[in-house]
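Okay, thanks everyone. Let's put the structure up and walk through a couple of packing details together.

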Amino acid sequence: MCATLELCIQLFILLISTCTIVAITGVNALSFTVYWLGNDTLRVSAALFAENRQRLCKGLKAKDGVVPQSLVLLQGGEQKQRYCTDTDLLFRQESFFHWAFGVTEPDCYGAIDVDSGKSILFVPKLPESYATWMGEIFSKDHFQQKYAVDEVQHTCDIAEVLSSLGAALLLTLRGVNTDSGSTTREASFCGINSFQVNNTLLYPVIVECRLLKTDMELEVLRYTNRISSEGHKMVMKNVKPGKMEYEMESLFQHYCYTKGGMRHTSYTCICGSGNNCSIIYYGHPGAPNDKSILDGDMCLFDMGGEYHCYTSDITCSFPANGKFTADQKAIYEAVLKSSRSVMAAIKPGVKWTDMHRLADRVHLEELVKIGILKGSVEDMMKVHMGSVFMPHGLGHLLGIDVHDVGGYPEGVERIDEPGLRFLLMGRPVQERMVLTVEPGIYFINHLLDQALANPAQSCFINNQVLARFRGFGGVRVEENIAITSDGIELLTSVPRTVEEIEAFMTGSQH
Ligand SMILES: *[C@@H]1O[C@H](CO)[C@@H](O)[C@H](O)[C@H]1NC(C)=O
Ligand SMILES: CC(=O)N[C@H]1CO[C@H](CO)[C@@H](O)[C@@H]1O
């Protein structure tokens, strides 16, 4: 029942957007809108994906091994069901396919002729019964107009169409995602054995393209950040002791969907309060944001909405009752200082690993001032004290995937040190990268105990002061930035200083 209702809604929305496209065909600037959910939501142009395909062809032409009449072949995501049931899972397009075609429907393929840039979208030929249960079956022309591709064919004809094009080589996508360690699913179809296939050339080229965002992509990422920032602010206005953490998750999702047309969040919302703020990936099924928020708790809410597969990833930390205690203020300002120091230092050419180390250094300096640590920060850096308080990496690439591809190209290895080994990007910063900057200080009991048991580290710890912070949880300040020619553009816009947060939460500021 639920599934059917959801499907109806999905198809209804699809229908609305379709009608809109038909209605505005002929109006030049708007006729390329491929995605729009009405009201004040963003219109995404089909030109965004056409430009991506163009960039891909340009990159491939420069590669040895890409012979004349090579064709890129990407396979889109498949509609899947819950385990053995007939209940459809909420579909989300596969990211590489989305980057190149911007198609919302499942079970498609896309081909691009590298020489000419010609694009062919393959859509499933749906049985007549589809019209009974799922709605209108659209023609090939409909899809050709909707997605502004050169040609549309049915997936069942893919072998025939590709051979009639005289494809000399099919470039399929095989590569390992350096964040997950998982391998992409290579395009495959009945009859592929009669083609020459190379599955290694495409991956590094398309990853380099996805790494740097075009102006049109930046516009979508500005939008996802704006809506998600507003969602966070709405949550901050509504949080109070006595509410459940998941109520805040729900408010955020509601805001992003009603105001921003965001049906998906970019990842599972992390809505920690009290000591749960120290659990980096809190909110997962084993810890599903199910604590009651208490007076005196800090909150750490890490949430981001997603629009037409473009993500955002924002963290706000603040006191549940709207007023920082002295200790909360001290830790919060330590993290904010590292966030601001790092952002002031970022520009094209700087090493991301150096930015991680800079955040560690500021944290250690501030923890000395607070009295939790004592001694030389230089010496603390040598024994990786920073990772005791920030075990994760400083930040990661952001795009169609929340941990976007390209962090470690071939030849760039992870630095195998505490903290740094979890950094998801190891390359120098480049203009048009979009990144998160997310320093944090956490009081994680088992890491503190480990440090206290290690003479090389325990000598820097003032355990009496530290004891006061056990159970504090943690603070993270996460911003999304785009790299410009000489610095950064801050995409996120939420109250950040202690004064801003207190004024905002107590209602004297909007
Ligand atoms: C793909 O082409 C490149 C360059 O010609 C070659 O080095 C590589 O071995 C090929 N890979 C496969 C799987 O054929
Ligand atoms: C997963 C997890 O550790 N959750 C904790 C959140 O906080 C409450 C209250 O302190 C604990 O009872 C949970 O175990």
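I'll talk about a helix pair and then a sheet.

Just so we're clear, this is a predicted model.

So, the helices. How far apart are the axes of helix 10 and helix 11, and at what angle do they pack? Helix 10 is residues 326–345, helix 11 is residues 352–370, and their axes sit 9 Å apart at an angle of about 150°. Anything over 145 counts as roughly antiparallel, so that's what we call helix 10 and helix 11. The crossing of these two helices is right-handed.

Who's touching whom? From helix 10 you've got, among others, Ala330, Ile331, Ala334 and Val335. On the helix 11 side, the residues include Met355, Leu358, Ala359 and Val362. Charged residues turn up too, including Lys337 from helix 10 and Glu366 from helix 11. The contact as a whole splits into twelve nonpolar, three polar and three charged residues.

Okay, on to the sheet. It's an open one, three strands, order 10-11-13, with antiparallel pairing. Which strands are at the edges? Those are strand 10, at 270–273, and strand 13, at 314–319; each has a single partner strand, so one side of each has no neighbour in the sheet. On average, neighbouring strands are turned by 10° against each other, ignoring direction.

Now look at strand 10 against strand 11, residues 298–303: four bridges join them. If you want a spot to zoom in on, Gly272 is opposite Leu300 in strand 11.

Last bit: helix 8, residues 215–238, packs on this sheet and touches strand 11 and strand 13. The direction of helix 8 makes about 20° with that of strand 13.

Methods. Residues are numbered from 1 along each chain as its sequence is written. Chains are lettered from A and ligands numbered from 1 in the order in which they are written. This is a predicted model: local features need pLDDT of at least 70, side-chain atom pairs count only at pLDDT 80 or more; totals for chains, interfaces and linings use all residues. Side-chain values use heavy atoms; hydrogens and water are left out. Axes are lines fitted to C-alpha atoms, for helices over the stretch in contact, and angles run from 0 to 180 degrees between N-to-C directions. Angles under 35 degrees count as roughly parallel, over 145 as roughly antiparallel, 65 to 115 as roughly perpendicular and the rest as oblique. A crossing is left-handed if the near helix is turned anticlockwise from the far one by less than a right angle, and right-handed if clockwise. Contact means heavy atoms within 4.5 Å. Two strands pair if DSSP finds at least two bridges between them.
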